[in-house]
Amino acid sequence: MKTVAIGIIGYGTVGQGVVEVLARNAREIERRSGYQLQVKRVAKRSWQGIDTSTLPFACDTDPFAIARDPDIGIVIELAGGEHPAFEIIKTALEHDKHVITANKALIARHGDALFALAREKGLELTFEAAVAGGIPVIKILREGMSGNEVKRVAGIINGTSNYILSEMTQKGRDFADVLKEAQALGYAEADPSFDINGTDAAHKITILASLAFGIPLQFDSVHIEGIDALTPDDIQDAAELGYSIKHLGLAVRRDNGVEIRVHPTLVPQDALIASVNGVMNAVQIQGNAIGNSLYYGPGAGKLPTASAVVADLIDVVRELNLKGEDRLAEFGYSQVLDRNTLPVLPPEDFNSAYYLRLTVADRAGVLADITRILADNGISINSVSQKNRHKHNGHIPLVLLTEKVREAEMNAACAQLAALPAVSGAVKRIRVENFE
Ligand code: HSE
């Protein structure tokens, strides 16, 4: 049996997971790939505290030495972060190695340049582990859904924020308290603000949007909101209306462009995705042939992420003898035709239903003023409820659900609502997704 030599950059949780999966499933992997996969060199910044004498590979500290090693056929980049991961992958491609990465930030922000280099060199650059770890969603969009025009991708793609929202919803716990626990569980990013403020989910939805629509990667055009402004009152009010609040990454195809956005979202409690709790991830994809389909699984963790990396490895090995032009393109779109030029729409052009929460003076005519402003902006109301239990100093919270509206109209209406003398403080708004 032929052997392929592999170099791994990064020997943290996922790197160790990859080594473990390759050893544990060696026979099955050989049967599937037809090759023996041998981890030859692994780079880690420092090996202090690790007994390297027991490890069956060379332990390096210089990732570039592996990226340049003529004996290595495939490099797995698990260092994370943008730099020097970009330079390491570039060096590996320049030295004719196929590359597998789990690095979502790098792919979302610099992927197009690296894919161009890989194409030019006739090499593979694969990234299944970059989105939703254990759910093979890259493969689903690139291959399984390729007979569809994809209409919408909606995903719970950050386990940490889903864990926090689930705990707040199910146990009425405090945001800060749950965040600490999520960090201890080891799911949070090196910088946990990326989980909370939506950056991590935005990296992932950038990648999913390119796979869904065949558009270039456009992280800078993603509209991003985190979960930090949500309160237990929002969660309770949503529940009373039959909704759960989930942090979703959405990529939606419209006639005039695509919406790519990340934000807290009210989803109907009876939608399957509403029952995805804890650190689990789920991605719902709507295609014009399949209709709706939902994929569920662990979004991170040692072995689920390693499972995705090893699946990429087997794919690359199976195609070792193909020429560059015979390989499946990174997003599954042939390079023969021009790329899709559908623009990413600015937020003013988004179309969404809304949950609005206002604190208003409890007196005659206030509701009439509010509904007049909404009507003047062409916004249709779905329901109104007054939360008398929270009456304070003659003011009460008013919660409204609207029908779908263009965001520019909603912006105008909210500015006018906030200016009403009867309205105190800011108007809270959260988008609603009914998955019609
Ligand atoms: N911080 C990420 C999460 C890890 O919480 O989902 C996986 O990308």
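User: Ala, Val, Leu, Ile, Met, Phe, Trp, Tyr, Cys and Pro count as nonpolar, Asp, Glu, Lys and Arg as charged, and the others, Gly among them, as polar; how many residues of each class does the shell around the ligand have?

Analyst: The shell around the ligand has 3 nonpolar, 4 polar and 5 charged residues. This is a predicted model, in which local features need pLDDT of at least 70 and side-chain atom pairs count only at pLDDT 80 or more, while totals for chains, interfaces and linings use all residues. Residues are numbered from 1 along each chain as its sequence is written, and side-chain values use heavy atoms, with hydrogens and water left out.

User: What makes a residue one of those around the ligand?

Analyst: One of its heavy atoms must lie within 4 Å of the molecule, and the residues around the ligand include Lys104, Asn158, Tyr187 and Lys204.

User: How do you know that Asp195 makes a polar contact with the ligand?

Analyst: The term requires a pair of N or O atoms within 3.5 Å, and a polar side-chain atom of Asp195 lies 2.7 Å from a nitrogen atom of the ligand, so the pair qualifies as a polar contact. The protein covers 91% of the 260 Å² of accessible area that the ligand has on its own, by the Shrake-Rupley method with a 1.4 Å probe.

User: Why is Thr402 called buried?

Analyst: Buried means under 20% relative accessible area (exposed is over 50%, partly exposed in between; 1.4 Å probe, protein chains only), and because Thr402 has 3% relative accessibility, Thr402 counts as buried. Leaving out residues up to four places away in sequence, Thr402 touches several residues, among them Tyr354, Ile381 and Met410, where contact means heavy atoms within 4.5 Å.

Notes
A polar contact is a pair of N or O atoms within 3.5 Å; within protein, one must be able to donate a hydrogen and the other to accept it, and residues adjacent in sequence count only if both atoms are side-chain atoms. Ala, Val, Leu, Ile, Met, Phe, Trp, Tyr, Cys and Pro count as nonpolar, Asp, Glu, Lys and Arg as charged, and the others, Gly among them, as polar.
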